[in-house]
Structure formats: structure tokens, C-alpha cells
Amino acid sequence: MDKIVREIRVRAHAKINLYLDVVGKREDGYHDLETILHSIELHDDVIIRKQATKGITVRCEHPAVPRDSRNLAYRAAHLLSDTVGNIGGIRIDIHKRIPVAAGLAGGSANAAAVLHGVNELFGLGFTQETLMQFGAQLGADVPFCLHGGAALGLGIGDRLTRVPVLSDVPLLLLNPGIEISTATVFKKLNFSLTTREKRSIIIKTCLGKSDVVGIGKNLYNRLEVPVFSQYPEIAALKTELSTQTGVCGALMSGSGATVFAVMHNGDTACRNESHFKNRVSFCTTTVTSPVGVSVY
Ligand code: ATP
């Protein structure tokens, strides 16, 4: 007899942007992006269970994470259960490791894990493509978190094309503990003064050759300008990180405030982790990941 599966455990991986340019302003107020995203090993654990009580329950001990319908994981479960009719109670436990509002898509990763996990646990049978369409209704980064690995993102970052994945490239992540609202950053962006960078092609070529040094040299994020003008301490942190031994290049991820370094090797990543550890609110070494969600 088949065992009745009552829970599924999903790793929800964070992402970094190796490249992010803003290429246009849309009529709906959003901006069109050209971005290269890469999943990283740093992840939250998302445990999804069938529960006897009706409705959706979210548990998370992180004080900055809402547990009601503002939580992206809640909204992902609600969207699926609304689409297929009542599938019964769903309980979601989130163990946070990804810093919140840090440009690492933690909330989007949790939503992607729930879309994937609920689909599996309840045997809903949605294809990956359909799940990504659901994801786009929840947030621009959710489709990428489902896609995982590495991708070029156009539109609001949700029109994805696969690009070559970096295998186990060491990274160092620093977060100064400033929570940044993505919407505010885009409001501050002086789009009329910008010219296109077009370094995405170089990054794509470097990805194809696993040229980590080339990637490090060509990292780019247009959003650094508005963020660094408001928070010079983030700019200073990036400058200091860039000049450490073993760093191929450093960049702010997404709308910040996390800055990351692409490292030559794991040893120098660990040495730099010790250097920064007591000075920032979050500091970790990690590596690039080939997946965005994985069942464990
Ligand atoms: P964004 O670009 O959307 O700001 P981010 O990667 O910078 O994303 P997230 O960690 O996703 O940051 O958090 C953004 C906001 O989303 C937080 O202020 C938080 O209150 C809210 N949020 C909703 N659901 C979650 C979740 N499951 N995990 C973390 N934050 C969540």
C-alpha cells in the first residue's frame, strides 16, 4: 500500500544579480530590466504539511516576516488552493536564513518553494511552466526562484532565458542590516540621466567559459547609484570588500543592501568572512547553486 505523504520539505534558495540594468520605464509604473540572476546555496527551509484545520497557517520566528496574507508563501498557497478549489488545510513552517529585505529574494524564494511543494504534496499536476506563470502573479523574482540556476531576465525580470550555470563558485555575502524597500529605490532612480551599459553580453560569454575573473570584472548593478547616494556606508563596505585578497569583484545584489564578492577560492572566502564577521549584521560564505528549489 502507498504511504500517505503528509509533508514535504523544500529548500528555498536565495539569488544574486550578477548584472542589473534598468532599460525602460513602463506605463504601469514598473521598470523594464535586463538582469542576469544566479541561485546561491544559501537557503531557507520551507516545510509544508497537510493540516486537519481548514485554511493556511504560516509559522516563522523571524520578527520581520509577516505570518498573514502579506507573506508571499501564504499568498502562493492561497493562489494554488483558490485555483483548484478546496484542497484542505495547509501549514507552512519557514526557517529563515536568508536576510529579509536584503536584495536576495528571500520572500520570492519562499513563494517558489510553496508553489513547488504544494503542487507535489497535493498531487496537483501543474507543469513547471504553469507554476512559473502563477509565480509571476506573486512577484517579479518568483519565476526565477522556480527556474533556478542562472538566467537572463527581461521585462520586470520575469521573462527568463537560461544561461550557463557557474558550478560551486565561492561567494562572500555581507549585509549591513539596512532593510531597503525595492519600490523606494526605483522611485529614486533618475532614469532620464542613464545610458545603457550592455555589459550583459560579456557576463553571458564569461558564464559560458566559467571565467570567474571575467565575471568579477564585469559585475554591474544600476541600482547602486540611488542606494549608495542614500547609504554611503554600503558604498564604503563594497569598496572595502572589492580590495580584499582573493576577491574577483564585488557588487550590491538587487536593490540591496547585501553586497557580495565573487571569490577566487573557498579559503580566501573564509578568511574574509572572519575579517568582516563582527562588523556587519550578516556575513556568510556560500557558493553558486544550480537550483532554486529542491526537495530534501
Ligand atoms: P524585494 O525585492 O521584494 O524587496 P528582497 O529580496 O529584497 O525582496 P525579501 O526578503 O523578499 O526581500 O523581503 C521583502 C519584504 O517582503 C519584507 O519587508 C517582508 O516583510 C516581506 N515578506 C513577505 N513574505 C516574506 C517571506 N516569506 N520572507 C521574507 N520576507 C517576506
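Helices (H or I, at least four residues) and strands (E, at least two) are DSSP runs, numbered from the N terminus. This is a predicted model, in which local features need pLDDT of at least 70 and side-chain atom pairs count only at pLDDT 80 or more, while totals for chains, interfaces and linings use all residues. Residues are numbered from 1 along each chain as its sequence is written, and side-chain values use heavy atoms, with hydrogens and water left out.

**View 1. The whole chain, with ten helices and twelve strands.** The C-alpha trace spans about 60 × 45 × 35 Å along its principal axes. For 296 residues a compact globule would have a radius of gyration near 19 Å, and the chain agrees, with 19 Å; the radius is taken over C-alpha atoms, and the globule rule is 2.2 Å times the number of residues to the power 0.38. Of the 296 residues, 55% count as buried, where buried means under 20% relative accessible area, exposed over 50%, and partly exposed in between (1.4 Å probe, protein chains only). Among contacts (heavy atoms within 4.5 Å) with a separation of 6 or more, 74% are between residues 24 or more positions apart.

**View 2. The salt bridges of Glu7 with Arg9 and Arg49.** A salt bridge is a side-chain nitrogen of Lys or Arg within 4 Å of a carboxyl oxygen of Asp or Glu, and by this rule the count comes to 13. The closest N and O atoms are 2.9 Å apart in the pair of Arg9 and Glu7, and 2.9 Å apart in the pair of Arg49 and Glu7. Because Arg49 lies in strand 2 (residues 31–51) and Glu7 in strand 1 (residues 7–25), the latter pair ties together parts that are 42 residues apart in sequence. Glu7 is partly exposed at 31% relative accessible area, as are Arg9 at 30% and Arg49 at 21%.

**View 3. The salt bridge between Lys96 and Asp44.** The closest N and O atoms of this pair are 2.6 Å apart. Lys96 is in the loop between strand 4 (89–95) and helix 2 (106–121) and Asp44 is in strand 2, so that the pair links distant parts of the chain, 52 residues apart. Asp44 is buried, with a relative accessible area of 0%. Elsewhere, salt bridges that share partners join Glu7, Arg9, Arg49, Arg91 and Asp93 into one network.

**View 4. Surroundings of Phe282 in strand 11 (residues 282–287).** Phe282 counts as buried, at 18% relative accessibility. Leaving aside neighbours within four places in sequence, Phe282 is in contact with Leu42, Arg97, Pro99, Leu173, Leu174 and Asn175. The C-alpha atoms of Phe282 and Gly177 are separated by 7.1 Å, although these residues are 105 residues apart along the chain.

**View 5. Backbone geometry in three loops, at Ala257, Ala105 and Asp168.** A cis peptide bond with omega of about 5° joins Gly256 and Ala257, and Ala257 lies in the loop between strand 9 (247–252) and strand 10 (259–263). Ala105, in the loop between strand 4 and helix 2, has a phi near 60°, a positive value in a residue other than glycine, and is buried with a relative accessible area of 12%. Asp168, in the loop between strand 6 (159–162) and strand 7 (170–175), likewise is not a glycine and has a positive phi of about 50°, but counts as exposed at 54% relative accessibility.
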